[in-house]
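Hello,

Here is the structure I promised to pass on to you. Have a look at it first, and then read my notes below.

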Amino acid sequence: MFLTAVRRSSNVLKSFKPLYDRVLVERVAAETKTKGGIMLPEKSQGKVLEATVVSAGAGLRNEKGELVALTVKPGDRVLLPEYGGTKVVVEDKEYSIFRESDLLGVFH
């Protein structure tokens with residue numbers, strides 16, 4: 001999964017780069033089957049709150065004018081809030097943009 005995220009991110013990076021403290025993420029696909037192999041109907045599939053960072057802005061400037069870099073980088077798996085973000089379509093793929101401060105955590 002990580003390699004596909006890196007390949008996709010290199011293509012998207014050529015055409016779109018978020019500004020400041022914003023992060024472009026691709027949501028992980030929802031599970032359509034249980035571990036036992038039972039197909040789940042669309043209504044019972046929960047909202048996916050996990051995503052892969054595709055691209056990140058340079059960061060924000062502090063009171064002294066120094067650039068404070070973001071803590072997430074392309075390829076990181078992050079936990080998203082249930083609501084929020086801006087949906088964006090780049091090269092026929094759907095992505096979301098969040099501020100780094102809106103992200104809830106990073107998976108290791």
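**What I found**

In β8, Val106 is the bridge partner of Val78. That pair is a good place to start, and please keep in mind that this is a predicted model.

The two strands behind that pair are β5 (residues 77-79) and β8, which are joined by three bridges in the antiparallel sense. They belong to an open sheet of six strands, ordered β6-β7-β1-β2-β5-β8 with antiparallel pairing. At the edges are β6 (86-90) and β8 (105-107), each of which pairs on one side only. From one strand to the next, the twist averages 45°. As background, strands of a sheet pair through backbone hydrogen bonds, in a parallel or an antiparallel way.

For the overall layout, the protein chain has one helix and eight strands. Reading from the N terminus, the order of elements is α-β-β-β-β-β-β-β-β. The chain has 108 residues, and 31% of them count as buried. Its accessible surface comes to about 7600 Å², with 55% belonging to carbon and sulfur atoms. If you take the contacts between residues at least 6 apart in sequence, 64% of them join residues at least 24 apart.

Now to the other end of the sheet. There, β6 and strand β7 (residues 93-99) run antiparallel and are joined by five bridges. One of the pairings is that of Val90, whose bridge partner in β7 is Lys93. The two strands form a hairpin with two residues between them, and Glu91 in the turn has a positive phi of about 50°.

Ser96 also sits in strand β7. Is Ser96 buried or exposed? With a relative accessible area of 5%, Ser96 is buried. Leaving out residues up to four places away in sequence, Ser96 touches Val23, Leu24, Val25 and Arg27, as well as Thr86 and Lys87.

Next, the nonpolar interior. Which residues make up the largest nonpolar core? It has 11 residues: Val23, Val25, Ala51, Val53, Ala56, Leu70, Val72, Val78, Leu80, Phe98 and Leu103. Both β1 (22-27) and β2 (50-56) supply at least two residues of this core. The largest share comes from β2, with three residues. Apart from this core lies another one, of six residues, among them Val54, Val88, Val90 and Tyr95. So Val90, met above as the partner of Lys93, turns up again in that second core.

Val72, a member of the largest core, is worth a click in the viewer. Beyond its neighbours within four places in sequence, Val72 is in contact with Val23, Val53, Ala56, Val78, Glu100, Leu103 and Val106. Both residues of the opening pair, Val78 and Val106, are therefore on the contact list of Val72.

One last residue to look at is Asp76, in the loop between β4 (67-68) and β5. Asp76 is buried, with a relative accessible area of 13%. A polar atom of the Asp76 side chain lies 3.0 Å from the backbone nitrogen of Lys73. Not counting residues up to four places away in sequence, Asp76 touches Ala51, Thr52, Val53, Thr71 and Val106.

Happy browsing, and do write back with any questions.

Best wishes

Definitions and conventions: Residues numbered from 1 in each chain as written. Predicted model: local features only at pLDDT ≥ 70, side-chain atom pairs only at ≥ 80, totals over all residues. Heavy atoms only, no water. Pairing = 2+ DSSP bridges. Helix = DSSP H or I, 4+ residues; strand = E, 2+ residues; numbered from the N terminus. Axes fitted to C-alpha atoms, helices over the stretch in contact; angles between N-to-C directions. Core = buried A, V, L, I, M, F, W, Y, C linked by side-chain atoms within 4.5 Å. Buried < 20%, exposed > 50% of the residue type's maximum accessible area, 1.4 Å probe, protein only. Contact = heavy atoms within 4.5 Å. Areas by Shrake-Rupley, 256 points an atom, 1.4 Å probe, with all protein chains shown as cover. Polar contact = N/O pair within 3.5 Å; in protein donor to acceptor, adjacent residues only side chain to side chain.
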